[in-house]
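Trainee: Got a minute to go through a model with me? I'll put it up.

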Amino acid sequence: MRTRVAIYARHSTDKQTTSTTDQIASCRVFCEKAGYDVVLIFQDEAVSGASVVNRPGIADLIDAAIHGYFDLIVAEGLSRISRDQGDMAIFFRKMRFLDIGLETVSEGRINELHIGFKGTLNALQLRDLADMTRRGMIASVLKGAIPGGRTYGYDLVRGLDARDELIKGLRKINPGQADTIRWIFRQYAAGASLYKICSDLNRQGIPSPKGGKWVKTTLIGQLARKTGLLRQTLYKGVVTFNRMMFRKNPETGKRQSFVRPESEWISVPVPELAIVDEALFDEVQKLIEGRSSMRLQRRKLAKVLPEEDKRSIAKARKRRRKKQAPSAPRSSLYIF
């Protein structure tokens, strides 16, 4: 009786449109030479190999294995099943329990030695890929490309390199939005509250970066992640990236983001994209830190104050907001 085989193929990105097709063809040739019968084919399109969780192809493969539809799994290489050493070991133990073999075109018949040694190499390769990506980002910035999506204050520019290939991430300053950014920084440095700045911008009918109303989080973002318009270092002519790291949750297989220590952040100067003066930018950062500390102290104080005192403080804040002068007409907004 000939061995019944299930082929599994996977590729990581949408750009590799023929990768799974090529893998399947290679596995078919391998099975034909070995005298195997291919009975089922499973594949995952544009899915990372960092985990076997949340992959429909691998899930269907395991389900078919449980029902005894094949005797052997054939893949192009172990990394196609998973690059994670722990996941690979669990998968191998499941298949061994079901008395189903595992064979690859590149490594041949898989045993415990392959799982330990090859799994370690695949895990190291994942780390190398991350390092290569980081180095590539630095090189792109030095060539004039800015990582990430659209940034308020800039327009995307299409440009070609020496080989006539598209350079992604090129930007130029948007004059109108740049004026708004300078106004926001000067208002904040002059003592205006986030509430007052947002109210004035909305009253003038100036769209926010997302096209809707301005809100305080648009300006100040999150303290831990140093986000928000007022913290955007690109406005002083410095690209800052490598802020976030991603770790796989072993329970769900999904990646979760964490903020790296500031010592690991990467900054590259791009003076041609500066919108505000560096001194003004740094002054605003000090004010943000100072006001954040004051807000933290108020929160702590509010926890121990009687309810009557809390109501009195809230009324005082409302009175201060009402006393604030109305904003100037739109035509004078950009007169500095």
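Trainee: Is C198 buried or exposed?

Mentor: C198 is buried, at a relative accessible area of 5%. Buried means under 20% relative accessible area, exposed over 50%, and partly exposed in between, with a 1.4 Å probe and protein chains only.

Trainee: What should I know about the source?

Mentor: This is a predicted model, where local features need pLDDT of at least 70 and side-chain atom pairs count only at pLDDT 80 or more, while totals for chains, interfaces and linings use all residues. Residues are numbered from 1 along each chain as its sequence is written, and side-chain values use heavy atoms, with hydrogens and water left out.

Trainee: How many disulfides are there?

Mentor: The count is 0, taking a disulfide as a pair of cysteine sulfur atoms within 2.5 Å.

Trainee: Why does C27 not form one?

Mentor: Because the closest cysteine sulfur, that of C31, is 6.4 Å from the sulfur of C27, too far for a bond. C27 is also buried, with a relative accessible area of 0%.

Trainee: Which residues of α1 are buried?

Mentor: S19, T20, Q23, I24, C27, F30 and C31. They cover an arc of only 125° around the axis, so they sit on the same side of α1. The arc is that of the directions from the helix axis to the C-beta atoms. E32 and K33, on the other side, are exposed.

Trainee: How far apart are the ends of α1?

Mentor: The end C-alpha atoms of α1 (residues 19-34) are 23 Å apart, which agrees with the 22 Å expected for 16 residues at 1.5 Å a residue. The expected span is 1.5 Å times one less than the number of residues. Helices (H or I, at least four residues) and strands (E, at least two) are DSSP runs, numbered from the N terminus.

Trainee: What covers the buried residues of α1?

Mentor: The cover includes β1 (4-10), β2 (37-44), β3 (72-75), α3 (78-81) and β4 (101-104), with contact meaning heavy atoms within 4.5 Å.

Trainee: Now α2. Which residues are buried there?

Mentor: In α2 (residues 56-66), they are G57, I58, L61, I62, A64 and A65. They fall within an arc of 165°, so they line one face of the helix. P56 and I66 are exposed on the face turned away. Among the elements covering the buried residues of α2 are β1, β2 and α4 (85-97).

Trainee: And what follows α2?

Mentor: G68, with a positive phi near 75°.
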